Amino acid sequence: MKKIMTFLLVAAMAMSLIACGKKENNDASGKFKAGTYEGTAKGFGGEIKATVKLSADKIDEITVVGDKETEGVGSVAVKNLPTEMVSKQAVEIDGVSGATVSSNAIKEAVTAALKEAGVDASSLKASATTETKKETKTLDVDTVIVGAGGAGMTAALEAKAAGLNVVIVEKMSMAGGNSVKATGGMNAAATSVQKKLGIKDDVKTFVNDTMEGGHNVNDKKLVTIMAKDSASAIDWLASIGAPLDEVSFSGGATNKRIHRPAGGAAVGSYLVKAFQKNLEKEKIEVIYNTEAKEVIMKDGKASGIKAEGKDADYTINAKSVILATGGFGANEELYTKYRPELKGYVTTNAPGATGDGIVMGEEVGAATVDMDQIQIHPTVEQSTSLLVTESVRGEGAILVNSDAKRFTNELLTRDVVSANIIKQKDSYAYLIFDQDLRDNLSAVEEYVEAGIVKQADSIEGLAKETGLDAATLKTTVDTWNKAVANKKDSEFGRDTGMERNISKKTFYAIKIAPGVHHTMGGLKINTSTEVLNTKGKVIDGLFAAGEVTGGVHGGNRIGGNAVADFVVFGRIAGETAAKYVKAAK
Ligand code: ADP
């Protein structure tokens, strides 16, 4: 470890050591050996480096560099934890929920730096000065939005654009919810981007694919709106600085329909970043670390919310309320109530996905639909709960079982592919792909950084790395490459994502199994995102969009439709709430 100290400080410290006769430098009064110290640790995406500046009696400054942490998740920990450590003069503080690996790595790196200074980090107790008395605040706005995920932020931007005074409350310390984790892209049909690329697609096929993928359980009216408004949503995203200019195949889609950022970057963090930038530009406040607890009803109308925060409790009086709290895939107790067999599954969900909006909605009479429709995603790396995007298969990867054999058309809908994996011995599989795919899909870099990818220069080498039988794996890949060349997969009838074979070294494998992913059910809404009560009547002033709602995805959500859902219905919620507020004035 590099250590930078001025000669004078060393001399001064040495004198003081001699004077008080202590071996260690963090004595009971918290005195340090002044200087700058560095420490490192392994983060989620690579090395985390901490630089700690100490003066004789306090931690002056901590800077952390961790460029490879997941954007919008680990990056939030990199930004927030150092400041909190300095303010509390301690390392053992609460990590950022949802970014545990990054938070722990930051603490480790700071601990290592302090060790360099002869300081035992565990001896530093968080100072009590931060425990101030909680305030009670009352706000008055046109629209309060609960949840700063994709739907909430989109709704806020549209409501603001329509002239409303808007505030968002978010229970976590960061925005993005499950939306920031979306890696695939956004489904949209008959878009300006598709036209430019010469891709033929239409709204009707999008509707049919979504209905078929959802086993026709979906609310067709909602699906039709999503499909119809998807093209204008793509243009709107471009207009706010978030163009999705590449289009690819994804499971369950007849045509190339999944739109993503140029270069194949993960769509979620890209959009969340753009939304946040726009919120800032539009001066829309997000009150973080603040959990909405109830919807206030007055004269049968939703008239605000009550929320509890770290530093303050709020009564937010509003002329309309938009619930955008996401799903309940992080609430095992709730989802196992509907699907007991999912007990013990890993979840890909952000920790805020606990179904609060559904509970708050039900408390004011809202109806729910399809609560038992819970999607498991077929390709989740189990030790990290990291979801491997469908685009990996869409771009040409195959799945092989522990016998190194293919066993399914990899691009069937998520429920079918998951079921087919579960049927295999020990219920896991490997995704197999090559360098050409990696070069064309930057999402793969995250998986490599996270250490979940095995690689080798040859298929035989990859077999060795994974413990698969080399001869069988070679035959499987050769057979697949022939199917690609002949554009015919006679084994499993796959007919999409066959534009590239598996032949360019390096070769890669990721071990995956299914995990809880999306809760398709939720609050019942109409096509204007108005929340309906159990008698089918609109609850005045209450709107909902995104994963908190049910009906759009039916019995199975197609990859790329979560983003379409939150952008399209988030926009409608913002616009409809604005109309409602204006009409009431
Ligand atoms: P979507 O974009 O479909 O609405 P997300 O999961 O992306 O779904 O976003 C939902 C957001 O709502 C998350 O950031 C989550 O932390 C937040 N949230 C959930 N419950 C509450 C609550 N009670 N109060 C405030 N925010 C909440």
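**Group meeting: the ligand site and the nonpolar cores**

In this model, a polar backbone atom of G177 sits 3.4 Å from an oxygen atom of the ligand. I should state at the outset that the model is predicted.

Let me remain with the ligand and its backbone partners. A second oxygen–backbone pair involves E547, where a backbone N or O atom lies 2.8 Å from an oxygen atom of the ligand. A292 contributes a polar backbone atom as well, in this case 2.9 Å from a nitrogen atom of the ligand. As for coverage, the ligand on its own has 570 Å² of accessible area, and the protein covers 98% of it.

Which residues come nearest to the ligand? There are 25 residues around it, and those that come nearest are E170, N178, S179, D356 and E547. E547 therefore appears twice in this account, as one of the nearest residues and through its backbone pair with a ligand oxygen. In composition, the shell divides into 12 polar, eight nonpolar and five charged residues.

Turning to secondary structure, helix 4 (150-161), strand 11 (290-298) and helix 10 (356-363) each supply at least two residues of this shell. Strand 11 gives the most, with three residues.

I now move to the nonpolar cores. The largest of them has 126 residues, and the members that touch the most others are M186 and L237. Which element gives the most to this core? That is helix 17 (residues 561-584), with 11 residues. For L237, leaving aside residues up to four places away in sequence, the contacts are M186, A242, P243, L244, L271, F275 and V567. The two residues named for this core, M186 and L237, thus touch each other. Apart from this core lies another, of 23 residues, including F407, I421, L441 and V453.

My last topic is N401, which is found in the loop between strand 17 (398-400) and helix 12 (414-422). Is N401 buried or exposed? Its relative accessibility is 9%, and because the limit for buried is under 20%, N401 counts as buried. The side chain of N401 has a polar partner: a contact of 2.9 Å joins it to the side chain of Q424. Beyond four places in sequence, N401 touches Q424, F407, Y428 and L468. One of these, F407, is a member of the 23-residue core.

That concludes the presentation, and I welcome questions from the group.

Note on methods: Residues are numbered from 1 along each chain as its sequence is written. This is a predicted model: local features need pLDDT of at least 70, side-chain atom pairs count only at pLDDT 80 or more; totals for chains, interfaces and linings use all residues. Side-chain values use heavy atoms; hydrogens and water are left out. A nonpolar core is a set of buried Ala, Val, Leu, Ile, Met, Phe, Trp, Tyr and Cys residues joined through side-chain atoms within 4.5 Å. Buried means under 20% relative accessible area, exposed over 50%, partly exposed in between (1.4 Å probe, protein chains only). Helices (H or I, at least four residues) and strands (E, at least two) are DSSP runs, numbered from the N terminus. Contact means heavy atoms within 4.5 Å. A polar contact is a pair of N or O atoms within 3.5 Å; within protein, one must be able to donate a hydrogen and the other to accept it, and residues adjacent in sequence count only if both atoms are side-chain atoms. A residue is near a molecule or strand if one of its heavy atoms lies within 4 Å of it. Accessible areas come from the Shrake-Rupley method with a 1.4 Å probe; for residues, only the protein chains shown count as cover. Ala, Val, Leu, Ile, Met, Phe, Trp, Tyr, Cys and Pro count as nonpolar, Asp, Glu, Lys and Arg as charged, and the others, Gly among them, as polar.
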